[in-house]
Amino acid sequence: MKIVAVCGMGIGTSVLLKMNAEKALRAMGVDADVEAADIGTARGAARTADVVLTSAELADEVGEVKAEVIVIKNFTDVNEITEKLEKSVNR
């Protein structure tokens, strides 16, 4: 499974989201490759990803991709990330 964690600049916030997504995935026992990206990079990376994690403000900017785009309200809330990823992983 490939997951892209996206923020506007791809520096701090997306790295925080990446780390918390990895923590959530470890707790679920799911093996996945999670990468942090800015919105420009994410448009390309999302073409080969299964899931894109991002904010509501950036979700539409990811564009038309086959990856599931999941909106995360609080990038520091591992419980929210876990809950939303579980729905995607259990499909």
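These are my notebook entries on a predicted model, taken in the order in which I looked things up.

**Entry 1. The nonpolar cores**

I began with the largest nonpolar core and found that it has 14 residues. Ile3, Leu17, Leu53, Ile72, Ile81 and Leu85 have the most contacts inside it. I then asked which elements give two or more residues to this core. They are strand 1 (2-7), helix 1 (13-28), strand 3 (51-54) and helix 4 (78-89). Helix 1 gives the most, with four residues. I also noted another core, of 12 residues, lying apart from the largest one. Val4, Ala37, Ala42 and Ala45 are among its residues.

**Entry 2. Leu53 and strand 3**

I next listed the contacts of Leu53, leaving aside its neighbours within four places in sequence. Leu53 touches Ile3, Val4, Ala5 and Val6. Leu17, Ala21, Ile70, Ile72 and Leu85 are also in contact with Leu53.

Is strand 3 covered on one face or on both? I found both faces covered. Val51 and Leu53 are buried on one side, and Val52 and Thr54 are buried on the other.

I then looked up the strand pairing. Strand 3 pairs with strand 1 in the parallel sense, over three bridges. Strand 3 also runs parallel to strand 4 (residues 68-71), to which four bridges join it. Val52 of strand 3 stands opposite Val4, and Val52 also stands opposite Val69 in strand 4.

**Entry 3. Ser55, after strand 3**

I located Ser55 in the loop between strand 3 and helix 3 (56-59). Its relative accessibility is 13%, and the cut-off for buried is under 20%, so I recorded Ser55 as buried. The side chains of Ser55 and Glu57 are joined by a polar contact of 3.2 Å. Beyond its neighbours within four places in sequence, Ser55 is in contact with Val6, Val71, Ile72 and Phe75.

**Entry 4. Helix 4 as a whole**

I checked the length of helix 4 against expectation. Its 12 residues, at 1.5 Å a residue, should span 16 Å, and the end C-alpha atoms are 16 Å apart, so the two values agree. At the N-terminal end, helix 4 is capped by Asp77. I noted that a side-chain oxygen of Asp77 lies 3.0 Å from the backbone nitrogen of Asn79.

Which residues of helix 4 are buried? I listed Glu80, Ile81, Thr82, Leu85 and Ser88. In an α-helix, residues three or four places apart point the same way, because there are 3.6 residues a turn. I then looked up what covers the buried residues of helix 4, and the cover includes strand 1, helix 1, strand 3 and strand 4.

**Entry 5. Ser88 and Glu86 in helix 4**

Ser88 is found in helix 4. I asked why Ser88 counts as buried. Its relative accessibility is 9%, and the cut-off is under 20%, so Ser88 counts as buried. With its neighbours within four places in sequence left aside, Ser88 is in contact with Met1, Val51, Glu68 and Ile70.

Glu86 is found in helix 4 as well. I recorded Glu86 as partly exposed, because its relative accessible area is 35% and partly exposed covers values between 20% and 50%. I last compared Glu86 with Leu25, which is 61 residues apart from it along the chain. The C-alpha atoms of Glu86 and Leu25 are separated by 8.7 Å.

Key:
Residues numbered from 1 in each chain as written. Predicted model: local features only at pLDDT ≥ 70, side-chain atom pairs only at ≥ 80, totals over all residues. Heavy atoms only, no water. Core = buried A, V, L, I, M, F, W, Y, C linked by side-chain atoms within 4.5 Å. Buried < 20%, exposed > 50% of the residue type's maximum accessible area, 1.4 Å probe, protein only. Contact = heavy atoms within 4.5 Å. Pairing = 2+ DSSP bridges. Expected span 1.5 Å × (residues − 1). Polar contact = N/O pair within 3.5 Å; in protein donor to acceptor, adjacent residues only side chain to side chain.
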